[in-house]
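Visitor: I am new to this structure, and I would like a close look at one part of it. Could you take me through the way its main helices come together, and what sits between them?

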Amino acid sequence: MDLKDVHQLMTHMAWADALAWRGVLGCPPAQEDTRTRELLFHIHLVQRAYVTIWRREPLILPKLESFPQVADVYAWGRTQHEDVAAYLTRLAADALERPVAFPWAAELDRQYGHAYGATLGESFL
């Protein structure tokens, strides 16, 4: 995994999200569907969690109730890609080897008896 790979993966993620959103925003019933809103929120919540962890910031995540409409999730979700792009412009190649501390690692250790570590580069996968 090198910086070029990371950029390609993150570009693909943005493209895939845009494609999904094009379908949702072009389909009025999807915009009213609660499950669609929940799933799209979850996707962007995970993206937000990762970019926050990569930047070593406190993990404070919003609740679904903060986004009553699909359009609200869309507006917020778009910011993930802007934040990832900004992060990548400052990312040095050697940083890909640093360990990443996931806040849920202790829970995985408790549930499964072991939590495997990951490098920053591995966390992009």
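Guide: Happy to! Keep in mind that this is a predicted model. A good place to start is the largest nonpolar core, a group of 16 residues. The residues with the most contacts inside this core are Met10, Trp54, Tyr87, Leu88, Leu91, Leu120 and Phe124. Three helices each supply at least two residues of it: α1 (3-25), α3 (34-54) and α4 (70-90). These are the helices we will follow. As general background, nonpolar side chains in soluble globular proteins tend to be buried together.

Let us pause at one member of that core, Leu88. Setting aside neighbours within four places in sequence, Leu88 is in contact with Val6, His7, Met10 and Phe124. There is also a second, separate core, made of eleven residues, and Trp21, Phe41, Phe67 and Val73 are among them.

Before going pair by pair, here is the wider setting. The protein chain has six helices and two strands, and reading along the sequence gives the pattern α-α-α-α-β-α-β-α. Its C-alpha trace spans about 45 × 35 × 20 Å along the principal axes. Of the 125 residues in the protein chain, 34% count as buried. Among the contacts in the chain with a separation of 6 or more, 68% are between residues 24 or more positions apart.

Now for the first pair on our tour, α1 and α3. These two helices pack at an angle of about 160°, and their axes are 12 Å apart. Angles over 145 degrees count as roughly antiparallel, so α1 is roughly antiparallel to α3. Their crossing is left-handed. On the α1 side, the residues that meet α3 are Met10, Met13, Asp17, Trp21 and Val24. Facing them from α3 are Thr36, Leu40, Ile43, His44, Gln47 and Trp54. Sorted by class, the residues of this contact between α1 and α3 are seven nonpolar, three polar and one charged.

One α3 residue in that contact deserves a stop: Thr36, whose place is in helix α3. Its relative accessible area is 19%, and the cut-off for buried is under 20%, so Thr36 counts as buried. Leaving out neighbours within four places in sequence, Thr36 is in contact with Val24 and Ala30.

Next come α1 and α4. Here the packing angle is about 165°, with the axes 11 Å apart. That angle makes α1 roughly antiparallel to α4 as well, and α1 passes α4 in a left-handed crossing. From α1, the residues taking part are Val6, His7, Met10, Met13, Ala14, Asp17, Trp21, Val24 and Leu25. They meet Val70, Val73, Tyr74, His81, Val84 and Leu88 in α4. By class, this contact of α1 with α4 holds twelve nonpolar, two polar and one charged residues.

While we are on α1, look at Trp15, which also lies in this helix. Is Trp15 buried or exposed? With 52% relative accessibility, Trp15 counts as exposed, because the cut-off for exposed is over 50%. Trp15 and His81 are 66 residues apart along the chain, and their C-alpha atoms are separated by 9.8 Å.

The remaining pair of our three helices is α3 and α4. They pack at an angle of about 25°, and their axes are 9 Å apart. Angles under 35 degrees count as roughly parallel, so α3 runs roughly parallel to α4. The crossing of α3 and α4 is left-handed. On the α3 side we find Arg37, Leu40, Phe41, His44, Leu45, Gln47, Arg48, Val51 and Trp54. Their partners in α4 are Val70, Val73, Trp76, Gly77, Thr79, Gln80, His81, Asp83, Val84 and Tyr87. The contact of α3 with α4 has ten nonpolar, six polar and three charged residues.

Our last stop is the loop between α3 and α4, where Ile60 is found. Ile60 has a relative accessible area of 72%, so this residue is exposed. Ile60 and Arg48 are twelve residues apart along the chain, with 9.5 Å between their C-alpha atoms.

To put the picture together, α1 is roughly antiparallel to α3 and roughly antiparallel to α4, while α3 and α4 are roughly parallel. Each of these three helices supplies at least two residues to the largest nonpolar core.

Methods:
Residues numbered from 1 in each chain as written. Predicted model: local features only at pLDDT ≥ 70, side-chain atom pairs only at ≥ 80, totals over all residues. Heavy atoms only, no water. Core = buried A, V, L, I, M, F, W, Y, C linked by side-chain atoms within 4.5 Å. Buried < 20%, exposed > 50% of the residue type's maximum accessible area, 1.4 Å probe, protein only. Helix = DSSP H or I, 4+ residues; strand = E, 2+ residues; numbered from the N terminus. Contact = heavy atoms within 4.5 Å. Axes fitted to C-alpha atoms, helices over the stretch in contact; angles between N-to-C directions. Parallel < 35°, antiparallel > 145°, perpendicular 65-115°, else oblique. Left-handed = near helix turned anticlockwise from the far one by under 90°. Nonpolar A, V, L, I, M, F, W, Y, C, P; charged D, E, K, R; others polar.
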